[in-house]
Amino acid sequence: MSACAAVVRITDEDKDVLGPPREYLGGRTLTGDGSVLTSADAEYEGLILGLEYLIALLGNVLTSSNNASREESLWIVVYGDCKTVIRQMQGRSRPRKMDAIFKRARSLVDTLPWNITFEHIPRSENILSDRLCGQITRRMENAAIERLLADMVKFDEGTTLQLRRRMLSTRNNQSAIDSPNFGSIEDLLSIHFKPHKSLIPFSKRPFLYYSLARIANLSLDFKSMVSIGEKMEEEAKSIWMKQSVEVTEKAQWLLFDGLNCQLAGLKGLAKQKDVSRIMRQHKNLLQKHSSFDLQSGQERWRDQYHNSLCNEDLLLPLHVSSWDKEHTRLSMPVDASTPFWTQV
């Protein structure tokens with residue numbers, strides 16, 4: 001999951017040809033076709049986005065018959081914070097594996113009859129594009145979470161309706177550990193947490209995993225509790241523990257929570273050998289932390305989940321040169337899969 005953004009600025013020097021100075025901000029999502037998108041790919045897409053909008057914006061000027069006059073009147077400068085893209089567009093390095101997207105950008109540059117230069121700037125000077133990319137990405141993340149929550153509500157409603165029937169069957173000495181006949185939490189896991197495809201960020205997952213675990217526990221879906229615990233253990237080991245000391249401490253809690261979810265599920269499934277194996281392998285961690293219950297575990301991750309959610313609108317600087325003085329709010333469209341632009 002990624003996004004790209006660009007700023008097109010008409011300066012005072014161009015007012016005789018292009019009219020009064022003004023500034024446009026645009027962006028779109030980059031969901032890809034299943035291939036991995038690198039940061040340089042996203043930077044190239046931002047360059048292409050800006051060039052396409054510039055060509056559309058200058059349509060009348062481009063159709064003018066006085067080409068010589070146009071070449072003398074305008075000078076286009078492209079600023080970017082990705083050295084790879086800037087150096088390749090300057091001709092100082094070869095695109096190699098990025099040849100296809102480089103040719104797309106180069107063909108747009110060749111469409112413009114004016115002098116075009118490319119200059120590298122620090123990321124701190126690319127505030128508008130950087131913040132918009134972050135906002136688009138968070139909007140995609142929130143939409144993915146909303147879809148999961150909607151499915152959880154539907155599933156939870158089904159759980160409540162079927163709970164009394166399951167309780168009655170338990171009292172009649174029937175099995176209480178079979179998968180519920182109205183579906184499984186594992187279906188939600190496979191749909192919303194696909195490896196390398198889920199749009200839900202790792203920072204928001206622990207709280208959501210706990211929400212799923214509480215529903216699974218209510219419906220006596222012990223198999224799903226084991227699956228949720230395995231997900232939490234996998235992410236704690238492969239992602240969280242590779243970061244800072246502060247994050248590593250959270251990873252230990254996530255691992256602790258994941259192991260206990262597995263233990264709760266395995267006990268419900270009466271798989272005592274697997275319970276003994278986990279307790280033996282992780283004896284020190286399980287003894288180090290406090291006792292486990294689903295509610296306290298969910299509360300542990302609640303603040304991180306809510307603090308990472310974003311508002312519908314993003315506070316953006318009006319101009320890069322005066323971003324600390326004037327601000328405006330940008331209202332994004334619900335669907336940013338197609339390019340959108342606004343004057344700022």
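In the predicted model, helix H2 lies across strands S1, S2 and S7 and runs at about 40 degrees to S1. These three strands form an open sheet in the order S1-S2-S7, in which the pairing is antiparallel. Because S1 and S7 (340-343) each have a single partner strand, both stand at the edges of the sheet, and one side of each is left without a neighbour in it. Direction ignored, neighbouring strands of this sheet are turned against each other by 20 degrees on average. The antiparallel connection between S2, which spans residues 22-30, and S7 consists of 4 bridges, and within this pairing Leu-25 has Thr-342 of S7 as its bridge partner.

Strand S1 and helix H2 also take part in the lining of the largest pocket, for which a volume of about 1200 Å³ was computed. The lining of this pocket comprises 43 residues, and those that lie nearest its centre are Val-7, Val-78, Tyr-79, Gly-80 and Asn-126. Two or more lining residues are given by each of strand S1 (2-10), helix H2 (39-57), strand S3 (75-80), helix H5 (83-89) and helix H7 (127-171), with the largest share, 9 residues, coming from S1. Thus S1, an edge strand of the open sheet, is also the element that provides the largest share of the pocket lining. By residue class, the lining of the largest pocket divides into 27 nonpolar, 9 polar and 7 charged residues.

Aromatic contacts were examined separately, and the structure was found to hold 4 aromatic pairs. One of these is formed by Trp-253 and Phe-256, whose rings are arranged edge-to-face, with 5.6 Å centre to centre and 90 degrees between the planes. Both residues belong to helix H11 (residues 245-268), and because Trp-253 and Phe-256 are 3 residues apart in this helix, about one helical turn separates them.

Terms used
Residues numbered from 1 in each chain as written. Predicted model: local features only at pLDDT ≥ 70, side-chain atom pairs only at ≥ 80, totals over all residues. Heavy atoms only, no water. 1 Å grid on protein atoms, 1.4 Å probe; cavity = no way out; pocket = protein on both sides within 12 Å on 5 of 7 lines; lining within 4 Å. Points joined across faces, edges and corners; volume = space filled by probe spheres on them. Nonpolar A, V, L, I, M, F, W, Y, C, P; charged D, E, K, R; others polar. Pairing = 2+ DSSP bridges. Axes fitted to C-alpha atoms, helices over the stretch in contact; angles between N-to-C directions. Contact = heavy atoms within 4.5 Å. Phe/Tyr/Trp six-rings, centres within 6.5 Å; stacked < 30°, edge-to-face > 60°.
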